[in-house]
Amino acid sequence: MTLDPLALPQTWPMPATPRPIVVLGAGGIVQDAHMPAYRKAGFPVVGVFDIDAARAAACAERWGMRAYTSLAEAVAEPGAVFDLATPPGAHLDLLRALPDGAAVLIQKPMGRTLDEATAILRLCQAKRLMAAVNFQLRFAPMVLPLRAAIAQGALGRVVDVEVHLNLVTPWALFPFLKGLDRVEIAVHSIHYLDLIRAVLGNPVGVHARTLGHPNHDLAQTRTAAILDFSPDVRCVMSINHDHDFGRRFQDAMIRFEGDKGASVMKLGLLLDYPRGEPDELWLNTGGDWVQVPLSGGWFPDAFVGRMANLQRFMAGEDATLESAVADAWHTMALVEACFRAASTPATPVPEAP
Ligand SMILES: NC(=O)c1ccc[n+]([C@@H]2O[C@H](COP(=O)([O-])OP(=O)(O)OC[C@H]3O[C@@H](n4cnc5c(N)ncnc54)[C@H](O)[C@@H]3O)[C@@H](O)[C@H]2O)c1
């Protein structure tokens, strides 16, 4: 199939009339990704609330918006889209405080456990919230053209998927992970699980192991998982955040391969995080590999598309809300399945007769 790589979309369409955004939580991801993205897109962010008033004030000053002194004040902002950028354990209480029928983007993960995800889903339904989860990898400039190519049939039927990470992640940048029981799959590989679901749907089961490393005390930083889709679809994740032996053999790639074509993405951000290297997308739809020239990077551009889709859905400009809570629940279920699988004994190897 001939495919014009330049004709594939790399950005999500913008809402005709952007709505005011109220940010709840003024932490690292807001400063590094949400605000740069919204500034770039021209989304009006009217104010921020954080239980740490000094953090809210500093964030408000940096980005030229209002710092609310109470949650009640923040949720009273008329016509706002609420942007929860809080730790997963805080989501439920904040959602309870929102006005019924409000639009809200919830940072991933959707709660600390599957039970919390279920409680969040039920609450959103009871309050008729227009709620989506910030699985922004789906909107990255390298992912949108890939999804379009797959939707156009350029790869044929996807039958082989591999996520391969072999690098060093500076976990010290995320102090909240220290002491958590669930780390790698719950906060990192959850993005890959969600993207795989976006392309292939829900697997029927998983095999998984997820481990720490003798050089630090985080609960898990290495994962091996097999997602079981159907008899002829192979799907594996091989994730090692502890390859601290120089750049030469470090790697961060996702390969989607169909029966007619293949794609490889390089997740440049993860190499030399947070400075990152450029992302890459390569397609082979018969013949030579073609590199798709990318006009943006995963961070912050994916956060633009994520918010744009929510706002367009509110306005009736998009028919589908990506990663709506009812869909995102299944990504949480997949995370849960991986952790359950990881604690299940493997098939014993037969002993010598
Ligand atoms: N989608 C992504 O790619 C991505 C990337 C990084 C982090 N995250 C998620 O974003 C969230 C925040 O991460 P971070 O790195 O910014 O963490 P952080 O610790 O830097 O910031 C969290 C902020 O939330 C505030 N907070 C906590 N409880 C609150 C409450 N009830 N009301 C208002 N504010 C409250 C804290 O005071 C803090 O300022 C986490 O859930 C994390 O998993 C997502």
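Colleague: What do β9 and β10 form, and how many residues lie between them?
Modeller: They form a hairpin, with 5 residues between the two strands. This is a predicted model: local features need pLDDT of at least 70, side-chain atom pairs count only at pLDDT 80 or more, and totals for chains, interfaces and linings use all residues. Residues are numbered from 1 along each chain as its sequence is written. The element names follow DSSP runs (H or I, at least four residues, for a helix; E, at least two, for a strand), numbered from the N terminus.

Colleague: How do you know that β9 and β10 pair?
Modeller: Strands pair if DSSP finds at least two bridges between them. Here 5 bridges join β9 to β10, so they count as paired. The two strands run antiparallel. Arg222 stands opposite Asn240 in β10.

Colleague: How many bridges pair β8 with β9, and in which sense?
Modeller: There are 7, and the sense is antiparallel. Ala208 has Ala225 of β9 as its bridge partner.

Colleague: Which side chains of β9 are buried, and which are not?
Modeller: Thr223, Ala225 and Leu227 point to one face and are buried. Arg222, Ala224, Ile226 and Asp228 point to the other face and are not. Buried means that 20 or more other C-beta atoms, placed from the backbone, lie within 10 Å of the residue's own (12 or fewer is exposed, in between is partly exposed). In a regular strand the side chains alternate between the two faces of the sheet.

Colleague: Where do the side chains of β13 point?
Modeller: Strand β13 (residues 280-284) alternates too. Leu281 and Leu283 are buried on one face, while Glu280, Trp282 and Asn284 point to the other and are not buried.

Colleague: What is the strand order in the open sheet of 8 strands?
Modeller: The order is β8-β9-β10-β7-β11-β12-β13-β14, with mixed pairing. β8 (205-211) and β14 (290-291) are called edge strands: each pairs on one side only. Helix α7 (residues 184-200) packs on this sheet, touching β7 (158-166), β8, β9 (222-228), β10 (234-240) and β11. Its direction makes about 155° with that of β10. Such angles run from 0 to 180 degrees between N-to-C directions of lines fitted to C-alpha atoms, for helices over the stretch in contact.

Colleague: What joins strand β11 to strand β12?
Modeller: 5 bridges join β11 (residues 251-258) to β12 (residues 262-266), and the strands run antiparallel. Ile254 has Met265 of β12 as its partner. Another 5 bridges join β12 to β13, again antiparallel. There, Met265 has Leu281 as its partner.

Colleague: How do you know that β13 and β14 pair?
Modeller: They share 2 bridges, in the antiparallel sense. The cut-off is at least two, so they count as a pair. Trp282 bridges to Gln291 of β14. In their hairpin, which has 5 residues between the strands, Gly286 takes a positive phi near 115°.

Colleague: Why is one side of β3 and of β6 left without a neighbour in the sheet?
Modeller: The open sheet of 6 strands runs β3-β2-β1-β4-β5-β6, with parallel pairing. β3 (66-67) and β6 (130-133) are at its edges with a single partner strand each, so each has one side without a neighbour. Further in, 4 bridges join β4 (residues 81-84) to β5 (residues 103-106). Phe82 has Val104 as its partner in β5. Helix α1 lies across β1 (21-24), β2 (45-49) and β4, at about 180° to β1.

Colleague: What makes α8 largely enclosed by the rest of the structure?
Modeller: 14 of its 17 residues are buried, so the rest of the structure largely encloses α8. Helix α8 (residues 298-314) reaches 24 Å from its first C-alpha to its last, close to the expected 24 Å (1.5 Å times one less than the number of residues).

Colleague: Why does Asp301 count as buried?
Modeller: Asp301 has 27 C-beta neighbours inside 10 Å. The cut-off is 20, so Asp301 is buried. Asp301 is in helix α8. Beyond four places in sequence, Asp301 touches Ala37, Ala140, Pro141 and Gly296; touching means C-beta atoms within 7 Å. Asp301 and Ala37 are 264 residues apart in sequence, but 5.9 Å apart in space, C-alpha to C-alpha.

Colleague: Which residues come nearest to the ligand?
Modeller: Gly25, Gly27, Gly28, Ile29 and Gln107 do, of the 24 residues around the ligand. A residue belongs there if its C-beta atom lies within 6 Å. Helix α1 (residues 28-41) gives the most to this shell, with 3 residues.

Terms used:
Contact = placed C-beta atoms within 7 Å.
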